[in-house]
Amino acid sequence: MQMMSRNVLLNMELEEDDDEDGDIGDVPDSRRPFLAPHSLLPSGLVLENFDQTIVCSTFGPLEDQQDFRTPEFEEFNGKPDSLYFTDGQRRIDFVLVYEDETKKETNKKGTNEKQRRKRQAYESNLICHGLQLEATRSVSDDKLVFVKVHAPWDVLCTYAEIMHIKLPLKPNDLKTRSPFDTLNWFTKVLRVNESVIKPEQEFFTAPFEKSRMNDFYIHDRDSFFNPATRSRIVYFILSRVKYQVMNNVNKFGINRLVSSGIYKAAFPLHDCRFNYESEDSSCPSERYLLYREWAHPRSIYKKQPLDLIRKYYGEKIGIYFAWLGYYTQMLLLAAVVGVACFLYGYFDQDNCSWSKEVCDPDIGGQILMCPQCDKLCPFWRLNVTCESSKKLCIFDSFGTLVFAVFMGVWVTLFLEFWKRRQAELEYEWDTVELQQEEQPRPEYEAQCNHVVINEITQEEERIPFTACGKCIRVALCTSAVFFWILLIIASVIGIIVYRLSVFIVFSASLPNNPNGTDPIQKYLTPQMATSITASIISFIIIMILNTIYERVAIMITNFELPRTQTDYENSLTMKMFLFQFVNYYSSCFYIAFFKGKFVGYPGDPVYWLGKYRNEECDPGGCLLELTTQLTIIMGGKAIWNNIQEVLLPWVMNLIGRYKRVSGSENITPRWEQDYHLQPMGKLGLFYEYLEMIIQFGFVTLFVASFPLAPLLALVNNILEIRVDAWKLTTQYRRMVPEKARDIGAWQPIMQGIAILAVVTNAMIIAFTSDMIPRLVYYWSFSIPPYGDHSSYTMDGYINNTLSVFNITDFKNADKENPYIGLGDYTLCRYRDFRNPPGHPQEYKHNIYYWHVIAAKLAFIIVMEHIIYSVKFFISYAIPDVSKITKSKIKREKYLTQKLLHESHLKDLTKNMGLIAEKMGEVVDNSVRPKLE
């Protein structure tokens, strides 16, 4: 194919445009930075050259457009594993799929003809930019056409320089022996078999320059650019090539063509089937190796082949699995300590004296508790909560305090050691200076309508909006985010109203006397029934709001128009996490810190909305209810996500296979097999990160109420790694490889969660659990002058912590006394620290209450200061980058500069020598005649 020196654009200004392309990518032709054709890009070109506008030819009706260059049509050669054009020489770097417009059943207002013209203009411009195209019809559906894209060597070199891609200079000789190599015999069973997946050779690298091509390690042109790099370069071109001018506005990019239906898909190819090696001996069958050594269930105990993951899928996916694997390893320690604390509480529950008092018929069975709602709720005996009090002893024990302190330190160790591991990966994967090579998003480039002077370079540059316009956008986006957060808070208030109203129903319908013969009645108290049903409804509302807000957050971020893909993902990450934080954690915060805290007392209860009486906790506190809420949300979320991640793509692919008209997999070409796989979402692994960060929040923020949370997270993550691996290798098309040096905005989010977790766990122990009141009773109120016991003891704790109320002392004159007519009772007990009736300050908080409040505040301050001090010391003591990694980075930079400098000096010396020779010849020629 001969390359053209001009671009083909459709001039459709006089035609009605019926497609729904949207506004992304539209910009006046005079302002749009245009991608110069390959043949016009000189050596040393950088991204700013895109600002040079090239005069493009415009054409009228289709029959007059003789300059269209269309791809050559070739028949399938019968090789299902081939990754090359029909000639067997040119490698397929990308595949575009469209439905032949002439064979479509409907043609509304000539839409098919317009789409065909746009597609032909786009493909013609791809050829103009140096890409080579070959088209092949589907073997199973004659309507589908697959356009295979190949980037020749010159195009790859040109755009590698534009994109500042770092490529090998020479083999790296700095690989040092690990101090743990002596343990290789012990970890051999966990490592990937190196005879199957061979270690990658390491190189010194530098940004590619065509003028210094001889300095790079070009052993073989076919392998110098690996398939992932080739796909990146081709996608860079596909995203920026124009196809239409309309009303002096350019439309461009493959993403837009796919979203408008002109193309049905665009993707790079997998190199083989996942369950069989390629029949082509030159193909490394990396997909098959990944499935066998990474995604297969029998490899669940092995370490991940991170280098091969990075090579095949790119650094962005590689860093995700590296982080997830490291997080899972660190969870192992937290899970072991959490199980130990749980077992301590489980085996120590028989020594829980306050629970024994609750269950004792002579103590708890004789204590009459006040109704917890008006009219319908009866008086009840304390021993109704016997079983729940026994379970509460497991979680509300001394082990909980130890585990909360441990998790405050653990989360700091995890974050600091991950920074070190991340720095090692940055060096090994060559992403240390990645920020310098990241290019603007095509959507951002398209909107660069305003010219400003760069403060640093003092040169003109284009930006999408002025400072005033940016402020307006930020204000609108912030308002939209806060509106949705308020919507979540409204849903939480609705759940609270539900709890208050349904508690009355359960109190009237469920039996209030314990029945030892019925196991359900032993556990299904009105409080427990209310908690379980409210948690389930809360989970359903969470998932519904989550689905709606995802689309809203994407719309808001698109409106913001971030410059780079990293900026886009970071902006979307902060919006989504802020929403998810309120969505998932609001109900837990309510139970932990608000429920039962502002209820007043039976004589003067607090009412919500003037109608619903505020709900109270069990006599043992709300800790068990918080544990129930966490279990339901964590468990339900894990089950729901696994259904979405595993069953949904598997079922969709299964349906797709049954819908095929003819053909079988063994005669279907590679590109058609991949087309029938599921497309990866536009946000890639964003939702995988979000899922894990939400789990990280549950593991750290509320771990004081549920020591088994790290164990559940560990089991889930072990499965999650292999499920994600299986999904990527078997069910989804290959993603366009992307660069990434870290996990982005998720790192500061985790650091914020770690700081907040210290406060929440300290407050859970202080205000949600009953640990502080028990300690105050044991050390101060069990002995004189406040107690009657001669030594420190927990005996009498229940009686001491329940206040007395006279049912005739109802003070709200606007309401009828709700306790009259519920039985022949005069006194009842309630959970609070107040003076009894007849006291000079009756129903006021007693001295015990103020001791407890002082002890709680003191505990929070001491615990926070101790843990924060340890956290800051650990952060200071553990550097973000290890000394070895720093030395490697410095030495590589030194050797790279030295190599390039020596090469440049050699070229300069050679050129100077040639100049000197020519000057000598000129001098000789001028002097010789004079001498003669």
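Does D430 count as buried or exposed, and at what relative accessibility? In this predicted model, where local features need pLDDT of at least 70, side-chain atom pairs count only at pLDDT 80 or more, and totals for chains, interfaces and linings use all residues, D430 counts as buried because its relative accessibility is 13%, buried being under 20% relative accessible area, exposed over 50% and partly exposed in between, with a 1.4 Å probe and protein chains only. Residues are numbered from 1 along each chain as its sequence is written, and side-chain values use heavy atoms, with hydrogens and water left out.

The protein chain contains 26 helices and 22 strands, taken as DSSP runs numbered from the N terminus (helices H or I, at least four residues; strands E, at least two). Of its 932 residues, 53% count as buried.

Helix α1 (residues 111–128) has 18 residues, for which a span of 26 Å is expected at 1.5 Å a residue, and its end C-alpha atoms are 26 Å apart, in agreement; the expected span is 1.5 Å times one less than the number of residues. Because 16 of these 18 residues are buried, α1 is largely enclosed by the rest of the structure.

Most residues other than glycine have a negative phi, and most peptide bonds are trans. D430, in the loop between α12 (398–428) and α13 (442–446), nevertheless has a positive phi near 65 degrees. S285, located in the loop between β12 (265–267) and α7 (286–295), likewise shows a positive phi, of about 55 degrees, and counts as buried at 2% relative accessibility. The peptide bond from P784 to P785 is cis, with omega near 10 degrees.
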